[in-house]
Amino acid sequence: MMRSCTMEYGKMLSASTASTLWNPRRKLLKAHDFKFRIEAQTRRTSQVGIAKPTNLTHLDIQGFDWPSPTDEIPFWKKQFPSWDVNSELPSQQTKDSKLMDIVHVTAEMAPIAKVGGLGDVVTGLARACLSRGHTVHIMLPFYECIQKHHINNLTLITTYNSYHDGNWIPTNAYHGVVSGIPVIFVEPSNQFFKGHQVYGGSYNELEAYMFFSRACLEWMQVTGTQPDIIHVHEWQTSALPILYWDMYHYLSLKKPRIVLTIHNMEHYGECRQEQLSMCGLDGSLYATFDKAVDDRTVGHNPERLSLLKGGIVYSNAVVTVSPTYLKETLCSGWLSSTLLRNHDKYFGIVNGIDTTMWNPSTDVFLPSNFDVENSEGKKLCKYYVQRGLGLTSGDHLTETTLKVPLVVCITRLVAQKGLHLITHAIKQVEELGGQMIILGKASDHRVEREFEDLADSVNEGHSIRILLMYSEELSHLLYAAADIVLVPSMYEPCGLAQIIGMRYGAVPVVRKTGGLADTVFDIDDESNHEMANGFVFEGIDEASLNFALDRAFACYRNKPEEWNCIVKKVMKMDNSWNVTASKYIKIYESVAAS
């Protein structure tokens, strides 16, 4: 561990004058007019119907409040029973014998500042550790876009100053509760974190997150907070381990140890030396092979730094989100040499899901709940979605309707997710006589236009729906409706879609990579029959995908008993955060100060 003090003494001293009041120990669906009247609104004026059918194929559905694609308010925006699915912590969880104080420092948190899986992971892991008896807080930038009514008991607790680029910035810290988790919101008085979304504001994001990383440590120093573990996530907070060991550990923070989780190695936090100097360090001292220099820029003018590399070097433990992704990152990518040098502190742990939030037997977003012992409600959910999206019509739910395999793909529309395979799957599913629904948003305008054009060409029919949006409610409904969940990623550090899909009785079709390889095992692999739970392909070509889809469709149609056994098997799997949390806690214990 490198602990050389690499900053000017004047910057090292805390100049904060703190007043401490508390001391802790949706343009949604793109405007394609494919017979949908969709309005980008949040008001909900009619409550979704709830049914508990016993035999759906004989159900008289005329009296049920079925949705229609011509509804003024789309069915996923209707009024649902009021229930904070995130507020409940498992009450029967056994408490750990050795309890710790854990602080997560993160750029995202579900549901209030969620962009991707990072937010889900932070919330899920924090809740699981809380349920095991640990003290857990999350420190989060107080983004301007956060809807404050989602925060319980929001209170200003500390006013203090934190350093940035030669100035001490007045900063507020607020305390609130989100999803049952205590959260410290850090709000600087400058332009950082202003804007209508989590990322993409008019400020310099790299500088903002370096400020945030120091502001969190400064707040701990000002308030006398000494957690056992500071858990940082991704490049956004990877400056914190450097700042801790080369600055704050020499001041008053002696107890904490640092754990870094890398959720996706795609982003490195590229940084100029002078930018790192803005947070009070001497950036030039980190431009070495064994610290934070970006190996790809060695010999260039200028050489650059990588915050993620620095975080790997300076953290006490580094975790990535699946064992297979760990192996992949040790073998490829420019950071592989750094990870190999630090392999003794590098771990792979598969993410879990919040089984309170993702529970088909209690999910308030579903028209009918179901579980592994009584799956009739899943058929109703399927028909409900089919009716609502115009994929079927009629007054009676028939076996013919239920026999059409429904494939769902819920994803960010980025190259990582296998865009060419997703677009090919549309053709293949239609040729096989199935139906497919894609729910996702594209950050790249070119990709967005391509999918807009594709949606215009297919959304008028009765087989395919492309919904260019994100909706938490609709994602629950689609997982519940799906027979098959498709995840054809080029690479996938962990992946949550296949895990959530299985929880809701959707059989996964996935490409064998990263966390997908650790959670889905091919049905036709006789050497691994006990683990077999889906359909897997290895190639990145269309023929490989076709083979997996063909086998899945054939099993669904020709071997219904075998298919039902697979459905029951995947619904019984324990992918809860409790399993994952126990592995994280072992790592926490291994690095905690004695």
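**A guided reading of the predicted model**

Helix 17 contributes more residues than any other element to the lining of the second largest pocket, namely six. The structure in which this pocket is found is a predicted model, and the pocket is a convenient place to begin. About 600 Å³ of space lies within the second largest pocket. Its lining consists of 21 residues, and those nearest the centre are Lys379, Leu402, Tyr556, Trp563 and Asn564. The elements that supply two or more residues to this lining are helix 9 (376-388), helix 10 (399-402), helix 16 (542-558) and helix 17 (560-572). By chemical character, the lining comprises ten charged, seven nonpolar and four polar residues. A general principle lies behind such a description: rolling a probe the size of a water molecule over the atoms reveals where empty space remains.

From the pocket, one may turn to the chain as a whole. The chain has 594 residues, of which 61% count as buried. It contains 18 helices and 18 strands. The chain exposes an area of about 23200 Å², and 49% of that area is supplied by carbon and sulfur atoms.

Strand 6 offers an example of a covered element. This strand spans residues 181-188, and seven of its eight residues are buried. It has a partner in strand 5 (residues 167-178), to which eight bridges join it in the antiparallel sense. Within this pairing, Tyr174 has Phe185 of strand 6 as its bridge partner. Strand 5 and strand 6 form a hairpin with two residues between the strands, and in this hairpin Ser179 adopts a positive phi near 55°. Strand 6 also pairs with strand 3 (residues 135-141), here in the parallel sense and over four bridges. In that case Met139 has Ile184 of strand 6 as its bridge partner. As a general rule, side chains in a regular strand alternate between the two faces of the sheet.

A helix can be read in a similar manner. Helix 7 covers residues 323-331, and its buried residues are Thr324, Tyr325, Leu326, Thr329 and Leu330. In an α-helix there are 3.6 residues a turn, so residues three or four places apart point the same way. The buried residues of helix 7 pack against strand 11 (317-320), helix 8 (336-341), strand 12 (346-348) and helix 15 (514-519). Just after helix 7 comes Gly333, whose phi is positive at about 90°.

Positive phi values also occur in residues other than glycine. Asn153 has a phi near 55° and belongs to strand 4 (residues 152-164). Glu234, likewise not a glycine, has a positive phi of about 65°; this residue is located in the loop between strand 7 (229-233) and helix 4 (239-246). Is each of these two residues buried or exposed? A residue counts as buried when its relative accessible area is under 20% and as exposed when that area is over 50%. Asn153 has a relative accessible area of 62%, and is therefore exposed. The corresponding value for Glu234 is 9%, so Glu234 is buried.

One further feature of the backbone deserves attention. The peptide bond leading from Ala110 to Pro111 is cis, with omega near 0°. Pro111 is situated in the loop between strand 2 (101-105) and helix 2 (117-131).

Notes. Residues are numbered from 1 along each chain as its sequence is written. This is a predicted model: local features need pLDDT of at least 70, side-chain atom pairs count only at pLDDT 80 or more; totals for chains, interfaces and linings use all residues. Side-chain values use heavy atoms; hydrogens and water are left out. Buried means under 20% relative accessible area, exposed over 50%, partly exposed in between (1.4 Å probe, protein chains only). Accessible areas come from the Shrake-Rupley method with a 1.4 Å probe; for residues, only the protein chains shown count as cover. Two strands pair if DSSP finds at least two bridges between them. On a 1 Å grid over the protein atoms alone, a cavity is a set of points where a 1.4 Å probe fits but cannot get out, and a pocket is an open set with protein on both sides within 12 Å along at least five of seven lines; lining residues have an atom within 4 Å of a point. Grid points are joined across faces, edges and corners, and a volume is the space filled by probe spheres set on the points. Ala, Val, Leu, Ile, Met, Phe, Trp, Tyr, Cys and Pro count as nonpolar, Asp, Glu, Lys and Arg as charged, and the others, Gly among them, as polar. Contact means heavy atoms within 4.5 Å.
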